[in-house]
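Grab a coffee and open the viewer. Here are some short exercises to work through with the model on screen, each followed by its solution.

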Amino acid sequence: MFSLNRAAHVPCLLVAGLLCLASALPVVAQTAHEHEHTGPAVANLQLDGGQKWQTDAALRSGMAAIRSAFDADHPALHAGRATDAQYAALADRIEAPGNSIVANCHLPAAADANLHYVIADLSGGVARMRGQDPARTRLDGAALVHGALIAYGKYFEDPDWVAEQAMKH
């Protein structure tokens, strides 16, 4: 059992707290920067030495659920027939497995860092589909999610992922 002498550990805890705060500042700055430009986060994805990143079961399952939800509504989205309620419902069906990925996916640090770009665009797309970004349309949100799904297939090894077929116009 460990015995803590609180007075002796206060300086260590203070330093540890400051280090945690300092390490969070680049994330806050990056998040602020991401809101300043219009490009998708997935534009920053990189391969792992020319190879796709490995995945785990939680990631593959969550992305399959997101893809299934998106594919079910894709024809209506593509044709411009989706209502605000349909966009909101799709956002809900994407958010739940997205949250599960964040909670349960355990990838090596470099793979996880790249996955964050996909998650950022999924999250941004969900917000836009709910109408939470007055500068963007709900269709912009769907397009951001679509781009994240395409990028996932290009940058992450998922044996069950099938490349998307082009929509007929």
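What follows is a set of exercises on a predicted model, going from the overall fold down to single residues.

**Exercise 1. Get the overall layout**

Work out how many helices and strands the protein chain has, and what pattern they follow along the sequence.

*Solution.* Start by counting: the protein chain has five helices and zero strands. Next, read along the sequence, and you get α-α-α-α-α. Now look at burial: of the 169 residues in the protein chain, 30% are buried. Finally, check how far the contacts reach. Among contacts with a separation of 6 or more, 74% are between residues 24 or more positions apart.

**Exercise 2. Pair up two helices**

Decide how helix 2 and helix 3 run relative to each other: roughly parallel or roughly antiparallel?

*Solution.* First, find the two elements: helix 2 covers residues 57–79 and helix 3 covers residues 84–104. Their axes are 8 Å apart, and the packing angle is about 170°. The cut-off you need is 145 degrees, because angles over that count as roughly antiparallel. Helix 2 and helix 3 are therefore roughly antiparallel.

Then see who is touching whom. On the helix 2 side, the contact residues include Leu 59, Met 63, Ile 66, Phe 70 and Leu 77. On the helix 3 side they include Tyr 87, Leu 90, Ile 94, Pro 97 and Ile 101. Sorted by class, this contact has 13 nonpolar, four polar and two charged residues.

**Exercise 3. Find the cavity**

Find out how many cavities of 30 Å³ or more the structure holds, and which residues line the largest cavity.

*Solution.* The structure holds one cavity of 30 Å³ or more. The volume of the largest cavity is about 30 Å³. Its lining is made up of Asp 73, Ala 76, Leu 77, Ala 82, Gln 86, Tyr 87 and Leu 90. Helix 2 and helix 3 are the elements that give two or more residues to this lining. By class, the lining of the largest cavity splits into five nonpolar, one polar and one charged.

**Exercise 4. Explore a pocket**

Take the second largest pocket and work out which helix gives the most to its lining.

*Solution.* Begin with the volume of the second largest pocket, about 180 Å³. Then list the lining: Ile 101, Val 102, Cys 105, Asp 112, Leu 115, His 116, Ile 119, Ala 120 and Ser 123. Helix 3 and helix 4 (109–129) each supply at least two of these residues. Helix 4 gives the most, with six residues. As for chemistry, the lining of the second largest pocket has six nonpolar residues, two polar and one charged.

**Exercise 5. Buried or exposed?**

Place Arg 67, Leu 144, Asn 104 and Gln 46 in the fold, and say whether each is buried, partly exposed or exposed.

*Solution.* You need two cut-offs here: buried means under 20% relative accessible area and exposed means over 50%, with partly exposed in between.

- Step 1: Arg 67 is in helix 2. Its relative accessibility is 15%, so Arg 67 counts as buried. Beyond its sequence neighbours up to four places away, Arg 67 touches Leu 149, Trp 161, Val 162, Ala 163 and Glu 164.
- Step 2: Leu 144 sits in helix 5 (residues 138–155). At 12% relative accessibility, Leu 144 is buried. With residues up to four places away left out, Leu 144 touches Pro 40, Asp 121, Gly 124, Gly 125 and Arg 128. The C-alpha atoms of Leu 144 and Ala 120 are 9.7 Å apart, with the two positions 24 residues apart along the chain.
- Step 3: Asn 104 belongs to helix 3. A relative accessibility of 41% makes Asn 104 partly exposed. Leaving out residues up to four places away, Asn 104 touches Asp 56 and Ala 58. Asn 104 and Asp 56 are 48 residues apart along the chain, and their C-alpha atoms are separated by 9.4 Å.
- Step 4: Gln 46 lies in the loop between helix 1 (6–34) and helix 2. At 53% relative accessibility, Gln 46 counts as exposed. Not counting residues up to four places away, Gln 46 touches Trp 53, Asn 114 and Tyr 155. The C-alpha atoms of Gln 46 and Lys 154 are separated by 9.9 Å, although these residues are 108 apart along the chain.

Methods
Residues numbered from 1 in each chain as written. Predicted model: local features only at pLDDT ≥ 70, side-chain atom pairs only at ≥ 80, totals over all residues. Heavy atoms only, no water. Axes fitted to C-alpha atoms, helices over the stretch in contact; angles between N-to-C directions. Helix = DSSP H or I, 4+ residues; strand = E, 2+ residues; numbered from the N terminus. Parallel < 35°, antiparallel > 145°, perpendicular 65-115°, else oblique. Contact = heavy atoms within 4.5 Å. Nonpolar A, V, L, I, M, F, W, Y, C, P; charged D, E, K, R; others polar. 1 Å grid on protein atoms, 1.4 Å probe; cavity = no way out; pocket = protein on both sides within 12 Å on 5 of 7 lines; lining within 4 Å. Points joined across faces, edges and corners; volume = space filled by probe spheres on them. Buried < 20%, exposed > 50% of the residue type's maximum accessible area, 1.4 Å probe, protein only.
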